Amino acid sequence: MENYESNFNTLFDKKEKVSPYYFGSNPAWLGNEVSDELLYIRSGVNDETGDFKKFTDPGDIRIYTVSVTGKKLMDSSQIFRGSFSFQRTENNNWQWLFTRDYSSGSPFLIGDSTTGDSRYNGIKMNAEYVARVYDKFNLGFSLKYYIDDGLKLAHPRPTSKDREINFSSGLAYHLNNNLSIGLQASVYDNVENINYSQDIGAILSEILLIKFRGFDFPNVFSMTTETRYSYNNGYKAGFNFLFEKSSFLTLTAFAITGFDKINIKDGGDNPISEGLWKNNFFNSGVVSLFKIDNSTFLSLLYALDLSNNWSEFPDYNVLYSKNWFSKHSLISGIEYSFNNQLTAGLEAGVKYSKNNFNDYYSNIFANNRALIYLLNLGLKFEWSNKLSSFVSAGINSNKTSNNNLNYTNQSNYFLDYRIKDLYFYQTNFNNYIFNLITAYSPGFGGEFLINVNYSNSILVNATHFPGMNRSNSSITLEYKVAAY
């Protein structure tokens with residue numbers, strides 16, 4: 001069960017992942033990746049549903065995935081890891097929108113006046129490589145590639161093509177047996193092409209094309225044909241730190257800064273600019289694991305996430321919006337093994353976030369603060385050398401304060417619909433989480449694993465989403481075998 005995913009942040013499976021490979025995503029530490037030299041075959045489905053959501057979210061999101069992953073130690077100084085997967089995403093009961101990356105933060109969303117289901121069929125490939133160069137240097141690379149095609153299953157049946165490329169490189173230098181430092185850099189380039197064309201089935205009904213530049217006052221016109229090009233690219237760079245003192249203490253830290261940029265153009269053969277959105281961010285964190293004795297572990301994690309984004313109409317240098325976000329996370333836990341068969345863990349923490357929205361285009365301004373208290377309890381059972389299980393339950397309690405929302409003379413597009421995107425951040429709720437993992441090795445032919453996750457967000461004294469909730473459930477089946 002060394003490669004399973006629990007809902008813990010610092011204990012159980014995360015104890016083996018205190019390294020810059022997991023906490024910082026530096027490919028130069030690929031040697032710290034915990035999976036064996038086996039072929040992992042996974043199949044899973046994830047379903048998110050419920051009315052407690054932003055307006056821009058689909059009513060139901062269902063994702064099907066089939067993947068194959070493997071790792072190979074090529075020699076004493078080289079490691080390769082790769083994966084290939086098929087993914088189908090279904091955005092059901094989705095009102096108006098047909099922008100695949102609708103949750104990026106960019107206000108430039110496009111859709112039409114129909115509500116329906118959309119599906120995206122995609123292929124994802126990932127390759128990672130690390131080599132020891134010279135005596136104390138590791139050089140690592142990672143390449144991710146994804147393509148999909150989308151279709152809205154309602155008139156006027158728009159289609160989309162999406163292509164994503166992400167390249168990362170990292171360098172690690174081992175100063176001594178205890179201390180290592182590293183540098184990393186990543187660049188990505190994504191392109192989405194959305195095409196609206198006259199659909200024969202919609203001739204007798206009027207279809208309106210809707211283009212948002214903010215929370216309100218979209219451009220609305222009768223649909224004939226339209227093509228939208230979204231050019232999304234970004235860059236980030238940072239450093240890593242890893243300290244290991246025998247088996248007593250492991251500590252890793254990272255700091256990364258970068259930007260995301262989306263350039264929107266509409267039109268056919270000669271597209272014109274619709275707007276530009278840019279997000280600057282800074283992410284950092286430190287996590288430590290203390291081994292008190294062979295039975296007891298203590299953990300501590302702190303993370304800081306900062307971002308600010310703005311959008312404009314570049315032809316006239318008009319500022320549409322400017323937003324700020326920040327989040328602090330502090331989490332600690334203790335894990336204790338009663339014997340070789342039973343291990344228990346308790347994790348608690350708090351997250352503090354601030355959101356500030358300034359939509360100058362729509363004359364809408366909002367801000368809020370939120371405190372999230374989290375508590376997780378987990379148990380791991382080693383029934384025999386062939387069968388093991390892990391079960392956990394947790395709660396995240398989200399409490400907001402200093403909620404403000406100011407607007408004047410808004411249209412029904414905001415008052416009846418898009419206002420929910422801001423109320424969502426100003427709502428108190430409790431999120432209850434359950435996780436179950438069972439692994440079985442018959443002694444021949446490989447190992448089987450099943451992972452079941454369920455969470456449900458229930459509102460507390462809700463004014464804007466009365467009686468609503470949002471649940472997320474997933475099940476993953478895995479088979480791993482020595483195939484090479």
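**Close-up views of aromatic contacts and strand pairing**

**View A. Phe8 and Phe390 are both buried in this predicted model.** The structure as a whole holds 33 aromatic pairs. Phe8 and Phe390 make up one of them: their ring centres lie 6.2 Å apart and their planes meet at 70°, so the arrangement is edge-to-face. Phe8 belongs to the segment before β1 (39-50), whereas Phe390 is part of strand β17 (residues 387-407), so the contact ties together parts that are 382 residues apart in sequence.

**View B. Phe52 and Phe424 form a stacked aromatic pair.** The centre-to-centre distance is 4.9 Å, with 25° between the planes. Phe52 is located in the loop between β1 and β2 (60-75), and Phe424 in the loop between α1 (412-423) and β18 (429-440). This pair, too, links distant parts of the chain, 372 residues apart. Phe52 has a relative accessibility of 2% and therefore counts as buried. Phe424, at 21% relative accessibility, counts as partly exposed, because the buried class is confined to values under 20%.

**View C. Ring pairs join Phe52 and Phe424 to further aromatic residues in a cluster.** The cluster also contains Phe215, Phe325, Phe357, Tyr425, Phe429 and Phe465.

**View D. Lys15 and Arg418 each place a charge over an aromatic ring.** The charged end of Lys15 sits over the ring of Phe297, at 5.0 Å from the ring centre. Arg418 lies over the face of Phe212, and here the distance to the ring centre is 4.8 Å.

**View E. Strands β14 and β15 form a hairpin.** Strand β14 (residues 318-337) pairs with strand β15 (residues 342-359) in the antiparallel sense, and 15 bridges connect the two. Four residues separate β14 from β15. Ser337 stands opposite Thr343 of β15.

**View F. Strands β15 and β16 form a hairpin as well.** Strand β16 (residues 364-382) runs antiparallel to β15, to which it is joined by 18 bridges. Within this pairing, Ser353 has Ala370 in β16 as its bridge partner. Four residues lie between β15 and β16, and one residue of the turn, Asn363, has a positive phi of about 60°. Strand β15 is thus shared by both hairpins, with β14 as one partner and β16 as the other.

Methods:
Residues numbered from 1 in each chain as written. Predicted model: local features only at pLDDT ≥ 70, side-chain atom pairs only at ≥ 80, totals over all residues. Heavy atoms only, no water. Phe/Tyr/Trp six-rings, centres within 6.5 Å; stacked < 30°, edge-to-face > 60°. Buried < 20%, exposed > 50% of the residue type's maximum accessible area, 1.4 Å probe, protein only. Lys NZ or Arg CZ within 6 Å of the ring centre and 35° of its normal. Pairing = 2+ DSSP bridges.
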